[in-house]
Amino acid sequence: MSSVDEDSKQQVLIETPVDSEAEDDDVIQDWSDAAKLSKKTTQTSLPKRGEKDYEPDGTDVQDLLLYRARKAMFDTLYNAARGTTLNNQVKAYYVPAFSEAVIPQPKGNFLQTIGKSDSNGKCWLQLHEFVYLAERGTIAPYYCKSFPIISGTENQDFEIPLSMQDLYSFFKSQHEMDRYFVYAHLKRLGFIVKLTEDHSTDYTTFFAPSGDSKVKRKLRLAFRSVLNFWNKQKCLALNTFFYGSWNFLIRKFTSTPQIYLGLSKLIPTCTPPKTIKDLHRERFLASKKDTVPHLELVFDLWKPQTNFKKKSPGLPDFQVVIHNKNDANQHFPTYSDFRELFHSLDYKFDFLSEIDDDISWNDHCYTNGVLRSEYLSSLKSKAVQMKSSIHNKMLRSKRGKPIKSCSPAALQTKRLKSGYRSFLVAVMDGGLISFVKISEADFGSENVWYVPSSSLKRNKGRNRKVSQR
Amino acid sequence: MAKLRPAGERYKYPLPIHPIENLPQLIPHNPISWVHWLYCYYKSFNGLPKRISIKILARKYCHIIVDDPDEMLFLWENGFFGTGQLSRSEPTWKARTIARMGDLCDEVDRGKSNLALEDITDRRRLQRIDFKKKRQQFEDQLLELRRRGGTIEDESKLVAKERESLRSLKDQQLLSFKKQNDTQLRSEDSELIDEKGELVNLESLELTFVEALFLSFAIPVLDVSPYVLIERFLGPIATLEYRNVYPSIKQYVAYHHYRSHGWCVRSGIKFGCDYLLYKRGPPFQHAQFCVKVLDVDETHDYTWYSSLARVAGGAKKTLVLCYVKNTTTEEEILRLLSKKNLTKALSSYEVSELIYRRWVPGKNRD
C-alpha cells in the first residue's frame, strides 16, 4: 500500500513506539517534499512520511493522493540534472597488472576519503573503489593498455572506455564481488570504509609496540596456567563440599547472597577483557597462529566525519567481517571462529568510554609506533584535532547524561546488554546485505540477585513460617 | 493460596532455601544473650523441614510432577520453579475456578481468590476489541466523507477528532480496570465439587528436568537424588553414551550458571530460545534476555540466527548466545558420572557468552 496520508505528518501518532530498540527499518523519504528541499536548503533533514491507509477504500480521494505522491517522486527524479559535465570529468585508468586503477589528474571531493596518492601526484584506486566511483559517475573508467600512461597525451589508442559490465568482470572471485557490494553499500550510506589489511597509510593501532620477548610471554603463560590450576582445585574442593549432603546440615547461611555465592562457583566462565590493561595483556599473551582462520576482518569503518585524515586515519569505529550465506564453502562462524576474530580486533573499543567518560583516544593508540597524540603534534595539526575533540565533547554532552550519574543497576543492565568488544558481520544473501553486531558478554561477573531492604527483613520470622508451609 | 499481599513480600525469597534470619539480637555486654544467640544459631537450619515430594510419570518422556497445593505454591513463590499444568505459569487454576463459579464454592475459598494473570490478559483482550470497534467506526465515517467528496481539510479534522476520542477511550479503559464479578457456570462444573462441597484440585505443577536437577543437586529441596533423575531421563548411569548425555548436561550447565548469578530462569520455548532471564521474577519485570545454548563448534545457517534474533528483538529482548565448552574429554565426563561425581563433571564445563544483535547502519551514523 502506498503512502497517501500526507497531511497527517504534523500529527502525533496515537501509540508512538518510543523505544529506540524497536527494530524498525530506515525511514523512507517522502518524495513530495524532496523536490522543494533541493531548491531551498534551509531544512537540514528529509521529512518523514505520514501514516499509511490500511487498505484501498475505492474512493477517488485515495487514488488522487496516490497519484500526487507518485507524481512528486517522478518529478523529483526527472527534474534533477543528470550526467557529468565534460570539463569536470575525471578519468581513471584500470591497470590490469596491479588490479588497481590510477587517476593521473586527481580532483574532486571523493579524494578526501578514497585512494592513495603516489609521489608523482597520481591517485591510485583499489578495484572496489574504482568500480564504486565509476558506478556513481564520479569518474570515467578507461582501460589502460600500456603502463605508464604518458600524462597529457590524449592519444585515443590508450583509451578504451569501459562499461559497467566490463568493470564487474574484473572481479576475480565471489569473495571480491561480495567485498565490493558491502563496500559500496556502506559507502552510499555515508560511512568511510578502508580495507583492514591495507597498511599503506600511517598505521594506527590500539596496542603499544612491544619488544618481542618470547621468554616473558612464556613465563606469563606458565604462571597463568599454574594459577588457573590452583584456582580450579580450590573451587573443586569448595564445590565438593557445597554440593555434598552435609552442606546445609553443617553450614548456616544468614543471607541469600551467601547461598548464591556458593552456587556460583560451580560453572567456570570465560571473562572477556574489560579494561585497557586487560586488552593489552590479552594481546600480549595471544600467540600467533599459523593456520588460516576461517574468517578475517575485511573492512575498517569510520562514522561520517569532516576532518577525516586519509593519510593517518586513526582507529576505526567498527570492523567488519563478510559472510556469504549461500556459499557452500562458508559456514556461519562457530564460537572458535568468533574468538579468533575478537583476538584480532583493533578498533576504537567503544565500551571503554562507557567505563570512563573522558577517555582520550589519542593518548591510547599508537601511530607508526608512537603515541598518536605525539604523532599529531609532530604533524603540527594539533589545532584541527583540538577542534574535533571539542566537537566530540559537545556531541557527548548532547547524547545524554555522563556515565557517573547513572545508577549502578542501570549501568549493569547497560553492560549486560551491550557487552564488551564487538564487530560487525555483513551477511550477503544474493544482493541483499544485512548486518549483525556480535559482542562479548559477561554474565558470569554480574550478580543480579535481589537483596531485600532492611525494613522487610525485620518482620520476616513470622512470614517464614507462613510461606514455608 | 494466593493472597492479596504485595508482590515484594510474597516473593521475598529468590530460592526455596531460606537464609537464617530469626536469630535473636546479640547484646555485646550481656553474656546470656550470647548463649541464647549461640543456641538459636545451633538450632536453626537452612533446609526445609520436609523435602518436597515429586512423582515421575511416564516411561519414555518423563514428567516431573508436584501435586500438593501448598508445595506447588511454595515452589512458585520461592524462585518461580515449575509451571501449572492448567495455567500459564503460576498454578492458578483453582483460584480462577473459584472466582468463576462464585456461590457454588465455599465462601471462605472465595474470599481468598485473587485476580489471576490469565484474567487480566482476558480483560485486556476485551478492551482491545472495544478499541478496535470504535476505531472502525471512525474509519467508516472517513470513508463516507471521502465518498461524499469531502476536502482534505475536512478529513484531517475528522482524523484529529478520531485520535482525540480514541485517546480518551484508552484513558477511560485504564480507569475502569475494576473488578467485574460475574459468575459463569458450565454444565460439567458440578463434577468439580466433591461430597464435602469443596472444589477438587485438578492442577499440578510440572518441573522441567533442569529445574528438578537444580532443586535436587544444587539445593536440597526435592526428596529425590539427582542420580535417580538422571537414570530416569537419560538411562542407566553405567551405560550412558556421551551423545545422549551432552544435550541435557549442556542445558543444565547454562541453567545453573544463570540461576547462580541471581537470574530467574524460565523456559524460553515461547520465544524460540532455551531460556528467558528475568530479574527477580515474572511478576516484577519483563524478561530482558533470551538465551540460546550452543555447543562451541555448533553452527547453523544464518537464517536460523536471524529468525531467533528477530523474535527476540520483536519482544524487546536481547539475544544471548551461550556457548558451553567441555574442558576435559568425553570419556572423563562419563567416568565421573558413573562414579556419581556430578559436581566435578559439571565444573569441567566452561560457559562463554556472545550478544547477537541486528545492526542498522542508518542508526549508527551519529
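For the cavity lining described below, Ala, Val, Leu, Ile, Met, Phe, Trp, Tyr, Cys and Pro are taken as nonpolar, Asp, Glu, Lys and Arg as charged, and everything else, Gly included, as polar. The structure itself is a predicted model, which is worth keeping in mind throughout.

Start with the empty space inside. Rolling a probe the size of a water molecule over the atoms shows where such space is left. Searching the whole structure this way turns up 8 cavities of 30 Å³ or more. The largest cavity comes out at about 110 Å³. It is lined by 16 residues, and those closest to its centre are Tyr260(A), Tyr450(A), Pro14(B), Phe80(B) and Arg280(B). Sorted by class, that lining splits into 11 nonpolar, 2 polar and 3 charged residues.

Moving on to chain B, the domain assignment gives domain 1 as residues 117-178 and domain 2 as residues 236-356. Taken over C-alpha atoms, the centres of domain 1 of chain B and domain 2 of chain B sit 45 Å apart.

Chain B also has a helix pair to look at. Helix H8 (residues 209-218) and helix H10 (residues 242-260) of chain B have axes that come within 10 Å and cross at roughly 65°. The crossing of H8(B) and H10(B) is right-handed. On the H8(B) side, the contact involves Phe209(B), Val210(B), Glu211(B), Leu213(B), Phe214(B), Phe217(B) and Ala218(B). Facing them from H10(B) are Ser248(B), Gln251(B), Tyr252(B), Tyr255(B), His256(B) and Arg259(B). Broken down by class, the contact between H8(B) and H10(B) has 8 nonpolar, 3 polar and 2 charged residues.

Finally, a word on the backbone. Most residues other than glycine have a negative phi. Ser99(A) goes the other way, with a positive phi near 45°. Ser99(A) is in the loop of chain A that joins strand S1 (90-95) to strand S2 (100-103). In chain B, Lys340(B) likewise has a positive phi, in this case near 55°. Lys340(B) is found in the loop between helix H12 (330-338) and helix H13 (342-346) of chain B.

How values were computed:
Residues are numbered from 1 along each chain as its sequence is written. Chains are lettered from A and ligands numbered from 1 in the order in which they are written. This is a predicted model: local features need pLDDT of at least 70, side-chain atom pairs count only at pLDDT 80 or more; totals for chains, interfaces and linings use all residues. Side-chain values use heavy atoms; hydrogens and water are left out. Domain bounds come from an automatic or database domain assignment. On a 1 Å grid over the protein atoms alone, a cavity is a set of points where a 1.4 Å probe fits but cannot get out, and a pocket is an open set with protein on both sides within 12 Å along at least five of seven lines; lining residues have an atom within 4 Å of a point. Grid points are joined across faces, edges and corners, and a volume is the space filled by probe spheres set on the points. Axes are lines fitted to C-alpha atoms, for helices over the stretch in contact, and angles run from 0 to 180 degrees between N-to-C directions. Helices (H or I, at least four residues) and strands (E, at least two) are DSSP runs, numbered from the N terminus. A crossing is left-handed if the near helix is turned anticlockwise from the far one by less than a right angle, and right-handed if clockwise. Contact means heavy atoms within 4.5 Å.
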